[in-house]
Amino acid sequence: YNPLFIQRPTVEPELFRSLRPVAYDGGIRNRGDERAGMPPPPPATVVSAPGMPGGGGYPGMLGAPSPGADGKGASLRAMDERRKADKKYAEALGAEMAEKMNLAAVDPGATTSKLGDSFQYVIDQPVSLARQKSALLPIVGKDIEGTRVSIYNQAVQAKHPLLGLRFKNTTGANLSQGPVTVYEGSTYAGDARFLDISPNDERMIAFAIDLGCEVIPQNGPGSTTITNVKAHKGIVAISRRQTDEKVYKISNKSDSARTMVIEHPNRTNQQFKLVNTPKPVEETTELWRFETKVEAGKSAEYKVTEEKMLGEQLVLTNSGDEQIRWVISLNEASPALKAKLGDALSLKGKWDVIRRELQQVRADTQRIAQDQDRIRKNLRETPKEAEVYATYLEKLSAQEKELEALTTKEKKWMADEFKAKKSYEDFLYNIEG
């Protein structure tokens, strides 16, 4: 028999390697007092990558000698004492690493000066480099305190927010754009980048994916509501309010609270405005930034509601009965406007009767003309001596008289139709309300 092979499923881990560091723009308005009343931020150290010396600043971190390292011929008691000493040393080293990294040993190698609206960095001590060698020189060596935030942008990462920091450039110097290395205590936290930052400017950086939080963005039902109906010179202007909603469902599965910054598209240039939504903490040309706090192990929802006004015009003289009746059915239309439109429909009804009569006269005229054409063809083929020849002539004579009567009726109905149409259109043009 032929052996049967079952294909084993391939399970691939979730990858984020395509996510590039995000460079955040600064807000176009100052956050100012909006941060008043917020808890003080936990300190975080942001270190520019070009200014980071190699080798760290913790001598003895690797290969440190242990107390009582001599172990030759030591007894079990001596070995136990050495293990206790090693444990004590490891605890002390861990506590030291948990503290903020000590960068005091890294002295800036340049002096910052301001030239009008520009900045320059002057190297204090000349640096000599061997051929085909390079060096990193620390330019700015100052601590910057920032607030830990989680930044969510659906276009950047649809499921998870990014771990980040919001900080203020308190160095007194311009910070040029480039890569950033972030340390939490003495532990590497991630890499980020920022654009050029002026002194005292606030900015955010994101350095890692916040796997402890998940965000589910959902579009709300939305609605379009008629707000006003106005008529002027035969034109009905209808105003509508379009409302769009978006709900961000946030689940914080971590063991610490999160300050969530939600980036939502700024559609001000599309005439949308925020309604029933907390004021954003920042605004850029492309984004609104909203801030909310989510406790550890809790879930929350944040709803953003936007609306814009739409306009629609209905020309009554070009509208059918159904459109006019639809305007009459609107609750937003005034009673006076509804009454006038009802009178207009009555005039339209009289005009329709005249048009139907005129159409009937024209249809009868066309029918007789076609019958006469048939009789004339028969006369050409029929001998004059035949009895039916005289019958055809009598019928043609009778139809001519009927055509004359129809022509008179058509002229009358055409005049009546013109008057009815003009009366209807004049009435519509004068409707106000």
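## Surroundings of glutamate 417

In this predicted model, glutamate 417 is in contact with Trp351, Ile354, Arg355 and Leu358 when its neighbours within four places in sequence are left aside. The residue itself belongs to helix H4, which covers residues 387-429.

Among these contacts, that with tryptophan 351 includes a polar contact between the two side chains, at 2.9 Å. Glutamate 417 is buried but has no salt bridge, and the nearest side chain of opposite charge, that of arginine 355, lies 5.0 Å away; because a salt bridge requires a side-chain nitrogen of Lys or Arg within 4 Å of a carboxyl oxygen of Asp or Glu, this pair is not counted as one.

## The six-stranded sheet

Six strands form an open sheet with mixed pairing, in the order S8-S5-S4-S12-S15-S14. Its edge strands, each of which pairs on one side only, are S8 (202-209) and S14 (282-283).

Within this sheet, strand S4 (residues 146-152) and strand S5 (residues 162-168) run antiparallel and are joined by six bridges. In S5, leucine 163 is the residue that stands opposite serine 150.

## Phenylalanine 167 in strand S5

Strand S5 also holds phenylalanine 167, which counts as buried because its relative accessibility is 2%, whereas the cut-off for burial is under 20%. Not counting residues up to four places away in sequence, phenylalanine 167 touches Ile144, Glu145, Gly146, Phe194, Ile197, Asp201, Glu202, Arg203 and Ile205.

One of these partners, arginine 203, is 36 residues from phenylalanine 167 along the chain, yet the C-alpha atoms of the two are separated by 5.7 Å.

Definitions and conventions. Residues numbered from 1 in each chain as written. Predicted model: local features only at pLDDT ≥ 70, side-chain atom pairs only at ≥ 80, totals over all residues. Heavy atoms only, no water. Helix = DSSP H or I, 4+ residues; strand = E, 2+ residues; numbered from the N terminus. Buried < 20%, exposed > 50% of the residue type's maximum accessible area, 1.4 Å probe, protein only. Lys, Arg positive; Asp, Glu negative; His and termini not counted. Polar contact = N/O pair within 3.5 Å; in protein donor to acceptor, adjacent residues only side chain to side chain. Contact = heavy atoms within 4.5 Å. Pairing = 2+ DSSP bridges.
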